[in-house]
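Please open the structure in the viewer and keep the selection tool at hand. The tour below proceeds from one selection to the next.

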Amino acid sequence: MASVAAEADAQQEGAGISRREFLYYIWGASLALFTAQMGGLLVWFLIPRFREGEFGGRFILPIDILPEVNAPPENFPEGRFWLVNLDTAADQGQERMYLAPDEEEPIRGVTAIYKVCTHLGCIYAWVSANNRFECPCHGSKYRLDGRRIESPAPRTLDRFLLEALDANRAPLAQSEISAVDFYQPLELPAETAFLSIDTGARRQGPSQTLICSFTGNCP
Ligand code: FES
């Protein structure tokens, strides 16, 4: 009898690992692989997708880059936005920034406008001769603050979240959100030293009446 058991042990040793041990190893390896995958996913999730200063991230700009009130917009191609400084109550630049008949309150403050047309996504341009943004693809026109003057654009140009920062880059104020879920121009506090534009935080412009329809000269 003893010799039969010894023979069985010898056979098992000769065969290497048992079936049960093999399953344990497979299970352990699967668990280790799963844990590594989850860890990798977590790291990927925690690492910011976009760095500061590249599109999709935040741009910190000194206040002196801001255009004058109602002046032509400042172009930031790397951030894909225009920076505008608006005041419909100011004397200067009325040919560029003015109130439409359905706007009662003055429009005042700074905003960052996305450079992509709301119609089919072309890159529009500021046309100084006409004091407005114009899209070369299908002819949409926009006022200095991005509101539609002429279609086929379905809505106002989109805007990015804008913050005013002090000299230590601490936040002072940020764009408020209107009743139609849109960033309003920000009136900058006196201590503002930097502007932060978050190109990862974009809100779609609303569908307001075409400005040309008030004057009856829509094409
Ligand atoms: S994409 Fe701008 S008007 Fe069509």
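Two strands are said to pair if DSSP finds at least two bridges between them. The model on display is predicted.

**The whole chain.** Begin by selecting the protein chain, which has three helices and eleven strands. Followed from the N terminus, the elements run α-α-β-β-β-β-β-β-β-β-β-β-β-α. Of its 219 residues, 40% count as buried. The chain exposes about 12,800 Å², and carbon and sulfur atoms supply 55% of that area.

**Strand 4.** Next, select residues 108-114, which form strand 4. Is this strand largely enclosed or left open by the rest of the structure? Buried means under 20% relative accessible area; six of the seven residues of strand 4 are buried, so the strand is largely enclosed by the rest of the structure.

**The partners of strand 4.** Add strand 3, residues 81-87, which pairs with strand 4 in the antiparallel sense over seven bridges. Within this pairing, Asn 85 has Val 110 of strand 4 as its bridge partner. Then add strand 9, residues 159-165, which runs antiparallel to strand 4 and is joined to it by two bridges. Here Ala 112 stands opposite Phe 160 of strand 9.

**A four-stranded sheet.** Now select strands 5, 6, 7 and 8, an open sheet with the order 5-6-7-8 and antiparallel pairing. Strand 5 (125-127) and strand 8 (148-150) stand at the edges, each with a single partner strand, so one side of each has no neighbour in the sheet. Finally, select strand 7, residues 141-142, which pairs with strand 8 over two bridges in the antiparallel sense. Tyr 142 has Arg 148 in strand 8 as its bridge partner.

Conventions:
Residues numbered from 1 in each chain as written. Predicted model: local features only at pLDDT ≥ 70, side-chain atom pairs only at ≥ 80, totals over all residues. Heavy atoms only, no water. Buried < 20%, exposed > 50% of the residue type's maximum accessible area, 1.4 Å probe, protein only. Areas by Shrake-Rupley, 256 points an atom, 1.4 Å probe, with all protein chains shown as cover.
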